[in-house]
Amino acid sequence: MRATAKAQPNIALVKYWGKRDSERNLPAVGSISITLADLHTTMTVEFDDSLSGDTLVVNDDKNDAMLPRVSRCLDSVAGAGRSFASVTSDSNFPIAAGLASSASAFAALVLAADAAAGTGYSRDRLASLAGQASGSAARSLFGGFVELENAGDDIRLHELCTARDWPLAVVVAITASAPKPVSSTVAMETSRETSPFYDRWIEQQEADLAEARAAIAERSFERLAAVAEHNCLKMHSVMWGSRPPMVFWNSTTLACMEAVRGLQAAGRAVFFTIDAGPQLKAVCQPADAEHVRETLARVGGVEQVVVSGLGDGARVVADD
Ligand code: DP6
């Protein structure tokens, strides 16, 4: 009745922004992401009949804020009649704004809950359940380059290529560590209801997905860079055009973007992407990662720089 699973965050290159069914948390668009290797969340779930309620400890601190979402996710895996559970989560990276901590957390949670309860669900079913908790979490069940496809009335996941097939590096510049002012869930609904650019965003997503798929198939860094930056800036344009407007960047985010432009002008293979937060993620060839790290670390206002390779999907690990 106890199991531990480990999962890494993923970074979307073609973004998920908007929901077609908020009840089941189904995305309005497909997305393509890369799963990281060096940042991870380890999650232990223990179902215990002697407990009088679920408990959650995150990085050694009791966390009641996230508990209702965790409990709902446990119900979705083990059934509403399950025993209460004690859940312990540890991440080796700052659980700051926009670092995709919910993706690694819910991917690890569904896997640990499945192993602890002995439900034996398929990886696709677990991805779908992780996606109900947080859309981007479905992608962290898989490794390397992952596509999330809207298929009928559910989602379907594919590994487009493994981390070993195309071993890129990701350099994350943390520009602010305060929690974000508005959650992705709320921000997506505001975009859908008020942004004049929302419908065009949805309409154009299939073309961006096709371009990214083709770039990945031929391992064309240049093509992937162009579509990823375009898709990221387009998603932020949807947010900027919303009412109230949602601007997640700060001046350091922009300075990091300029630093990436400088690296590109000097001939380095690097591009940026930014999620619903102020951190900038630079994707580059592994041989350039140290240079990109040093460059971003020198940008005034950058608090911390984290480097990671690409890795595998979530897995059950030995329980200690
Ligand atoms: C900007 O998965 O956090 O990072 O499903 O409402 O929990 P919910 O949203 P979440 O949204 C992530 C949005 C994004 C882009 C992406 O990861 O594709």
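Where in this predicted model does Asn-25 sit?

**View 1. Asn-25, a residue with positive phi in a loop between strands.** Asn-25 has its place in the loop that runs between strand S3 (19–21) and strand S4 (26–27). Its phi is positive, about 55°, although Asn-25 is not a glycine. As for exposure, Asn-25 is buried, because its relative accessible area is 11% and the cut-off for buried is under 20%.

**View 2. Arg-219, with positive phi between two helices.** Here we're in the loop between helix H5 (198–217) and H6. Arg-219 isn't a glycine either, yet Arg-219 has a positive phi of about 55°. Is Arg-219 buried, partly exposed or exposed? Its relative accessibility is 35%, so Arg-219 counts as partly exposed.

**View 3. Helix H1 packed against helix H3.** H1 covers residues 67–78 and H3 covers residues 123–133; their axes are 10 Å apart and meet at an angle of about 155°. That angle makes H1 roughly antiparallel to H3, since anything over 145 degrees counts that way. The crossing of H1 past H3 is right-handed. Who makes the contact? From H1 it's Arg-69, Cys-73, Ser-76 and Val-77, and from H3 it's Leu-129, Gln-132 and Ala-133. Sorted by class, that gives four nonpolar residues, two polar and one charged.

**View 4. Ser-71 on helix H1.** Ser-71 belongs to H1. Its relative accessible area is 15%, so Ser-71 is buried. Which residues does Ser-71 touch, leaving aside those up to four places away in sequence? They are Asp-54 and Arg-82.

**View 5. Buried cysteines, and no disulfides.** Cys-73, one of the H1 residues in the contact with H3, is buried, with a relative accessible area of just 3%. Cys-256 is buried too, because its relative accessibility is 0%. How many disulfides are there? The count comes to zero. Take Cys-256: the nearest cysteine sulfur belongs to Cys-232 and is 13 Å away, whereas a disulfide needs the two sulfur atoms within 2.5 Å. So Cys-256 is in no disulfide.

**View 6. A cis peptide bond leading into Pro-244.** The bond in this close-up joins Arg-243 to Pro-244; it is cis, with omega near -5°. Pro-244 is found in the loop between helix H6 (221–240) and helix H7 (251–265).

Conventions:
Residues numbered from 1 in each chain as written. Predicted model: local features only at pLDDT ≥ 70, side-chain atom pairs only at ≥ 80, totals over all residues. Heavy atoms only, no water. Axes fitted to C-alpha atoms, helices over the stretch in contact; angles between N-to-C directions. Helix = DSSP H or I, 4+ residues; strand = E, 2+ residues; numbered from the N terminus. Parallel < 35°, antiparallel > 145°, perpendicular 65-115°, else oblique. Left-handed = near helix turned anticlockwise from the far one by under 90°. Contact = heavy atoms within 4.5 Å. Nonpolar A, V, L, I, M, F, W, Y, C, P; charged D, E, K, R; others polar. Buried < 20%, exposed > 50% of the residue type's maximum accessible area, 1.4 Å probe, protein only.
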